Amino acid sequence: MQDDFISALTLEVKEEVIQNYLYERRLVEEQIHYAEELADHAAQLQEMLFGRFARMYDLLFETGFINKFVNILGLKEPPFSDRIGKDSKYRKDVRLIKVHGLTDRTRFKKLTLEAYRRLVTRNDNYKEAHEDLKEECKAVNTNLAKFEKNHDLLTILNFLKSMDVGETVKKHFMGENFTPEELGAVEKSLHFKPVRIEQFNLIEPPQLPDPDTVQRELGALANSVYAKCSNKIKELIK
């Protein structure tokens with residue numbers, strides 16, 4: 001009778017351990033999924049940001065003018081430099097800028113300044129999403145460390161192996177043909193990998209100056225571009 005009581009109590013303890021493990025694991029998985037959703041959102045904003053940089057590069061026409069633009073912004077190199085002139089699909093997703101002025105030069109200058117203003121707005125949006133993702137990655141990894149500290153995977157696997165749990169659960173965690181020899185490999189596969197922002201292939205948000213602080217420099221740059229490329233510019237603003 002006492003042996004039966006001990007066996008029943010042991011089974012109850014094992015079931016509670018497994019239930020807690022599965023519940024907390026599901027919470028971690030949901031948090032990882034949320035981080036991936038944030039990464040998808042940041043990636044979409046990154047593409048929008050690329051479109052605004054690409055528009056600026058199109059307005060500047062030449063590498064020399066693009067480099068002057070980058071210097072005005074205080075950047076070391078042009079963002080998305082590997083895609084300059086290679087990806088024109090962005091144009092269908094970038095809203096047309098309408099400008100007014102007495103001369104083509106004036107309209108082009110206004111176009112350049114407004115294009116930069118919109119670029120800064122998109123960069124601010126991307127920067128916020130990038131920071132949210134970075135913070136979520138830190139939170140996920142903190143919870144991962146707590147989870148693995150609170151649960152001994154070797155003990156969990158032995159519990160699962162000895163218990164009459166659903167086949168779906170066993171298959172999900174241990175595979176179809178689980179053997180003692182495979183225990184180490186299974187244990188390793190159950191470990192969560194840290195979530196690092198680098199894995200999402202996102203650029204670091206550029207630190208861009210406020211449009212008002214660089215208005216004079218950008219205006220002068222627009223005048224230089226117009227002086228050299230006026231024929232091409234007329235096609236842009238006609």
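A residue counts as buried here when its relative accessible area is under 20%, as exposed when that value is over 50%, and as partly exposed in between. Keep that in mind as you explore this predicted model.

**Stop 1: helix 1.** Select Phe53 first. Is Phe53 buried or exposed? Its relative accessibility is 0%, so Phe53 counts as buried. Now add Tyr57, which is buried too because its relative accessible area is 6%. Both residues sit in helix 1 (residues 2-60), four residues apart, or about one turn of the helix.

**Stop 2: an aromatic cluster.** Keep those two selected and add Phe50 and Phe80: together, Phe50, Phe53, Tyr57 and Phe80 make one aromatic cluster. Turn to Phe80, which you will find in the loop between helix 2 and helix 3. With a relative accessible area of 8%, Phe80 is buried. Look at its backbone as well: Phe80 has a positive phi of about 60°, although it is not a glycine. This deserves a glance because most residues other than glycine have a negative phi.

**Stop 3: another positive phi.** Go to Phe61, in the loop between helix 1 and helix 2. Phe61 is not a glycine either, yet it has a positive phi of about 70°. Its relative accessibility is 27%, so Phe61 counts as partly exposed.

**Stop 4: two helices side by side.** Show helix 2 (residues 63-73) together with helix 7 (residues 215-237). How far apart are the axes of helix 2 and helix 7? They are 10 Å apart, and the helices pack at an angle of about 175°. Angles over 145 degrees count as roughly antiparallel, so that is how helix 2 runs relative to helix 7. To see the contact, select Phe65, Lys68, Phe69 and Ile72 on helix 2, then Glu217, Leu218, Leu221, Ser224, Val225, Lys228 and Cys229 on helix 7. Sorted by class, this contact has seven nonpolar, one polar and three charged residues.

**Stop 5: from helix 2 to helix 3.** Keep Phe69 and add Tyr116; both are buried. Phe69 belongs to helix 2 and Tyr116 to helix 3 (residues 104-150), so a pair between them ties together parts that are 47 residues apart in sequence. Their rings form an edge-to-face aromatic pair, 6.1 Å centre to centre, with 85° between the planes.

**Stop 6: an annotated stretch.** Finally, select residues 116-150, which an unreviewed UniProt entry annotates as a "coiled-coil region". In this model the stretch is 100% helix and 0% strand, and its end C-alpha atoms are 51 Å apart.

Notes:
Residues are numbered from 1 along each chain as its sequence is written. This is a predicted model: local features need pLDDT of at least 70, side-chain atom pairs count only at pLDDT 80 or more; totals for chains, interfaces and linings use all residues. Side-chain values use heavy atoms; hydrogens and water are left out. Axes are lines fitted to C-alpha atoms, for helices over the stretch in contact, and angles run from 0 to 180 degrees between N-to-C directions. Angles under 35 degrees count as roughly parallel, over 145 as roughly antiparallel, 65 to 115 as roughly perpendicular and the rest as oblique. Contact means heavy atoms within 4.5 Å. Ala, Val, Leu, Ile, Met, Phe, Trp, Tyr, Cys and Pro count as nonpolar, Asp, Glu, Lys and Arg as charged, and the others, Gly among them, as polar. UniProt positions are given in the numbering used here, feature names are shortened, and annotations may be inferred rather than shown by experiment. Buried means under 20% relative accessible area, exposed over 50%, partly exposed in between (1.4 Å probe, protein chains only). Rings of Phe, Tyr and Trp (its six-membered ring) pair if their centres lie within 6.5 Å; planes under 30 degrees apart count as stacked, over 60 as edge-to-face and the rest as tilted.
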